[in-house]
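Here is a friendly walk through one model, with its bound molecules and charged pairs as the main stops. Please keep the viewer open as you read.

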Amino acid sequence: MPKVAPSILAADFTRLKDEIESVKNADYLHFDVMDGMFVENISFGFPVLQAVRKVTDMTLDVHLMVQSPARYIERFAKAGGDIITFHSEAETEENTKNAIADLHSFGKKAGLSIKPNTPADAILPYIDTLDLILVMTVEPGYGGQGFISDMLEKVACLRNIIDNRNLKCEIEVDGGINLETAKKCVKAGANVLVAGEDIFGTTDRAAHISKLQSL
Ligand code: DX5
Ligand code: ZN
């Protein structure tokens, strides 16, 4: 049974507290940070994360789409993130290793993400230390884009490595996830499904989340 992580990028920000309440049967709450540098778009950052932390006990799954994220790791940990994921393309190998170790020293889970054009190999130097791998199934930057099917092979490849090495690392997929694409991702080996439009665009969100969880 996969975990589900609604992305509040697709929520109505004028009533964020109620929107979060409406998805509370999900496993994680996905929080997309965009800096206008690593991706073109700008979303939200520390003050919003602190506010979200105050109104929910859900596991906050922070996805940093920012350049040189290592410099911000401690602040996102202190602002209330539980799982903090950054992009392998945005950091040096040395900073990536240090940031993962720092997250663990703060008692947080560490995730590393790869964009669609980045091969699974980019994760290998860190895989033994990661709690989560985020395979982007769209180009990061915007919600509501179409799922890139070629990413299923990448998910399957990472699932093989994780299972062969008996690692506990989760595989999360993000972008264009709906019942149909989620099913394919779970079959390929993903166990955390991020969904923005698909969940926040539905009126009975709790029921939709349960459906995704039962795939
Ligand atoms: C995209 C973000 C996603 C986004 C997904 O860059 O990382 O988390 O919110 O949105 P949907 O599910 O609408 O594609
Ligand atoms: Zn995301």
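In this predicted model, an oxygen atom of ligand 1 sits 2.8 Å from an N or O atom in the side chain of Ser-7. Asp-174 offers a side-chain N or O atom 2.7 Å from an oxygen atom of ligand 1, and a polar backbone atom of Glu-197 lies 3.0 Å from an oxygen atom of the ligand. How much of ligand 1 does the protein bury? Taken alone, the ligand exposes 390 Å², and the protein buries 99% of that. There are 20 residues around ligand 1, and those that come nearest are Ser-7, Asp-32, Gly-141, Asp-174 and Gly-196.

Two of these names return at the metal site. The zinc ion (ligand 2) has His-30 (NE2), Asp-32 (OD), His-63 (ND1) and Asp-174 (OD) as its protein donors, at 2.0 to 2.3 Å. Along the chain, the donors follow the spacing H-x1-D-x30-H-x110-D. Asp-32 belongs to strand β2 (residues 28-34) and Asp-174 to strand β7 (residues 170-174), so this pair ties together parts that are 142 residues apart in sequence. Why is the arrangement octahedral? Because the six donor atoms around the zinc ion subtend angles of 70 to 171°. Asp-32 has a relative accessibility of 4%, below the 20% cut-off, and therefore counts as buried. Asp-174 is also buried, at 9%.

Now to the charged pairs. The structure holds ten salt bridges, and three of them are set out here.

| Acidic residue | Basic residue | Closest N to O |
|---|---|---|
| Glu-170 | Lys-3 | 2.9 Å |
| Glu-19 | Arg-15 | 3.0 Å |
| Asp-163 | Arg-159 | 3.2 Å |

The salt bridge between Glu-170 and Lys-3 links distant parts of the chain: Glu-170 is in strand β7 and Lys-3 in strand β1 (residues 3-6), 167 residues apart. Glu-170 is buried at 10% relative accessible area, whereas Lys-3 is partly exposed at 29%.

Glu-19 is buried, with a relative accessible area of 4%, while its partner Arg-15 is partly exposed at 38%.

Asp-163 and Arg-159 both lie in helix α5 (residues 151-164), four residues apart, or about one turn of the helix. Here Asp-163 is partly exposed at 48% relative accessibility, and Arg-159 is buried at 18%. Elsewhere, salt bridges with shared partners join Arg-15, Glu-19 and Arg-205 into one network.

Key: Residues numbered from 1 in each chain as written. Chains lettered and ligands numbered in written order. Predicted model: local features only at pLDDT ≥ 70, side-chain atom pairs only at ≥ 80, totals over all residues. Heavy atoms only, no water. Donors = N, O, S within 2.8 Å, 3.2 Å for Na, K, Ca; no water. Tetrahedral: all angles 85-135°; square planar, octahedral: opposite > 155°, others 65-115°. Helix = DSSP H or I, 4+ residues; strand = E, 2+ residues; numbered from the N terminus. Buried < 20%, exposed > 50% of the residue type's maximum accessible area, 1.4 Å probe, protein only. Near = heavy atom within 4 Å. Polar contact = N/O pair within 3.5 Å; in protein donor to acceptor, adjacent residues only side chain to side chain. Areas by Shrake-Rupley, 256 points an atom, 1.4 Å probe, with all protein chains shown as cover. Salt bridge = Lys/Arg side-chain N within 4 Å of Asp/Glu carboxyl O.
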